[in-house]
Amino acid sequence: MSDHEQLARDLHEEIKAAGDEATLEAVRVSALGKKGRISQLMKSLGSMDPEQRKIMGPALNGLKNDIQAAISERQKALYAAALDARLQTEKLDVTLPLPPSAQQMGRIHPVSQVMDEIAAIFGDMGLSIAEGPDIEDDFHNFTALNIPAEHPARQMHDTFYFNEREDGSRLVLRTHTSPVQIRTMMSGPPPHRIVAPGRTYRCDSDQTHTPMFHQIEGLVIDKETHIGHLKWVLEEFCKAFFEVDSVKMRFRPSHFPFTEPSFEMDIGCARLGNEIRIGEGEDWLEILGCGMVHPSVLRNVDIDPDVYQGFAFGMGIDRLAMLKYGIPDLRAFFEADLRWLRHYGFVPLDIPTLHGGLSR
Ligand code: DAH
């Protein structure tokens, strides 16, 4: 048997015996690598006489192609076997319950919980959720809401302004959720029935104020919407939210540029030491601002105030969360302290619904 026939046999044996991809690679290098056995034989072609080279040239080339093919064939088989072995061991049982640790550790922040509760209550009354951007322009945050430049209400809002743009205008971080009223009314013809929860910003920080806080806005516009509807909606909301059968409430005349008449709503409460009991008692607690949407606001969004009217309200979510869940300090809401979150947070997947109970 000639050298190259013997080599072919040996290599086929070695390829067959290679049990994994690394061993096979070693065989490949030892045969076809720069100093490999086939490469060496190829080099010897140069020193052969022409007759011999005519025979050996094609023979060695054939050997090389044959071994290359055998290696890649074996490679495919090894890869398939390795994949099979992994599939045998790495099984995933999708019917397994969540590992208890994930459920035990995660908590929903009280602000998120309260937003979900509020959305569930107003959703049940037929209001849908609307959204607007945190970065607003002057028109939506102020002008369209009947707060023209130089209006004293602008100072009261402690606005965070962005740098001036080329045209001299400045964007703002929205100071309230009321601009979502404007965006809603400009998005299509009435009727409108929405609530808009979200983040709001004012340059203000002390024990009861944080630069970022949360509000929820309500807006209902239709042909015959009146103050009676406003009072009913807010009374039902308070009863559902505080989970009590009745609430004492009063409307005090107030002023907001975007409503006429305007009110602030207080609910009755009793202060018993550190605890505040909602719904009864001799004390009052202010919880929101509201009123009938000002005709000028309707005109600003091309709604005819002689045909349509409606009400709006806005309230602070953080304070509602503090009241309902007895949380004493507002600033702790935003400190991301895990111990605090474990204490005041809510178990995930326990989504508040009216039928299931809001706060269980
Ligand atoms: N935007 C007001 C604020 O931030 C709250 C408010 C008052 C909203 C009366 C309203 C409203 O929609 O009717 O203080």
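# Exercises: strands, cores and turns

Strand β6 (residues 249-256) and strand β7 (residues 259-272) run antiparallel and are joined by seven bridges. Strands pair here if DSSP finds at least two bridges between them; helices (H or I, at least four residues) and strands (E, at least two) are DSSP runs, numbered from the N terminus.

Before you start: this is a predicted model, in which local features need pLDDT of at least 70 and side-chain atom pairs count only at pLDDT 80 or more, while totals for chains, interfaces and linings use all residues. Residues are numbered from 1 along each chain as its sequence is written, and side-chain values use heavy atoms, with hydrogens and water left out.

## Exercise 1: Follow the hairpin

**Task.** Find how many residues the hairpin from β6 to β7 passes through, which residue stands opposite Arg 250, and where Pro 261 is found.

**Solution.**
- Step 1. Begin at the turn: two residues carry the hairpin from β6 to β7.
- Step 2. Now look across the pair, where Arg 250 has Asp 266 of β7 opposite.
- Step 3. Pro 261 is found in strand β7. The peptide bond joining Glu 260 and Pro 261 is cis, with omega at about -5°.

## Exercise 2: Pair the strands with β10

**Task.** Work out how many bridges link β10 to β5 and how many link β10 to β9, then find a partner residue in each case.

**Solution.**
- Step 1. Take β5 with β10: these two pair in the antiparallel sense over eight bridges. Within this pairing, Asp 222 has Gln 309 in β10 as its bridge partner.
- Step 2. Take β9 with β10: they too run antiparallel, joined by five bridges. Ala 312 in β10 is the residue opposite Gly 291.
- Step 3. As background for viewing such strands, side chains in a regular strand alternate between the two faces of the sheet.

## Exercise 3: Map the nonpolar cores

**Task.** Name the residues with the most contacts inside the largest nonpolar core, list the elements that supply two or more of its residues, and trace the contacts of Ile 118.

**Solution.**
- Step 1. Fix the terms. A nonpolar core is a set of buried Ala, Val, Leu, Ile, Met, Phe, Trp, Tyr and Cys residues joined through side-chain atoms within 4.5 Å. Buried means under 20% relative accessible area, exposed over 50%, and partly exposed in between (1.4 Å probe, protein chains only).
- Step 2. The largest core holds 48 residues, and Ile 118, Phe 122, Phe 237, Ile 267 and Phe 313 are those with the most contacts inside it.
- Step 3. Two or more residues of this core come from each of α6 (110-124), β5 (212-222), α10, β7, β9 (283-293), β10 (309-316), α12 (317-325) and α13 (338-344).
- Step 4. Apart from this core lies another, of 21 residues, including Leu 145, Ile 147, Val 297 and Ile 303.
- Step 5. Return to Ile 118. Leaving aside neighbours within four places in sequence, Ile 118 is in contact (heavy atoms within 4.5 Å) with Ile 216, Phe 237, Phe 241, Ile 317 and Leu 320.

## Exercise 4: Inspect helix α12 and what follows

**Task.** Is α12 mostly covered or mostly exposed, and what phi does Gly 326 take?

**Solution.**
- Step 1. Eight of the nine residues of α12 are buried, so the helix is mostly covered.
- Step 2. Those buried residues are Ile 317, Asp 318, Leu 320, Ala 321, Met 322, Leu 323, Lys 324 and Tyr 325.
- Step 3. Just after α12 comes Gly 326, with a positive phi of about 60°.

## Exercise 5: Spot the unusual backbone

**Task.** Locate Asp 302 and Ala 336, give the phi of each, and then describe the bond from Pro 190 to Pro 191.

**Solution.**
- Step 1. Asp 302 is found in the loop between α11 (295-300) and β10. Although not a glycine, Asp 302 has a positive phi of about 65°. Its relative accessible area is 75%, so Asp 302 is exposed.
- Step 2. Ala 336 is found in the loop between α12 and α13. Ala 336 is not a glycine either, yet has a positive phi of about 55°. With a relative accessible area of 72%, Ala 336 is exposed.
- Step 3. The peptide bond from Pro 190 to Pro 191 is cis, with omega near 5°. Pro 191 has its place in the loop between α9 (179-186) and β4 (192-201).

## Exercise 6: Span the model

**Task.** How far apart in space are Ala 81 and Asn 274, and how far apart are Pro 348 and Gln 52?

**Solution.**
- Step 1. Ala 81 lies in helix α4 (residues 50-89) and is partly exposed, at 43% relative accessible area. From Ala 81 to Asn 274 is 70 Å, C-alpha to C-alpha, with their positions 193 residues apart in sequence.
- Step 2. Pro 348 sits in the segment after α13 and counts as partly exposed at 23% relative accessibility. Pro 348 and Gln 52 are 82 Å apart in space, C-alpha to C-alpha, and 296 residues apart in sequence.
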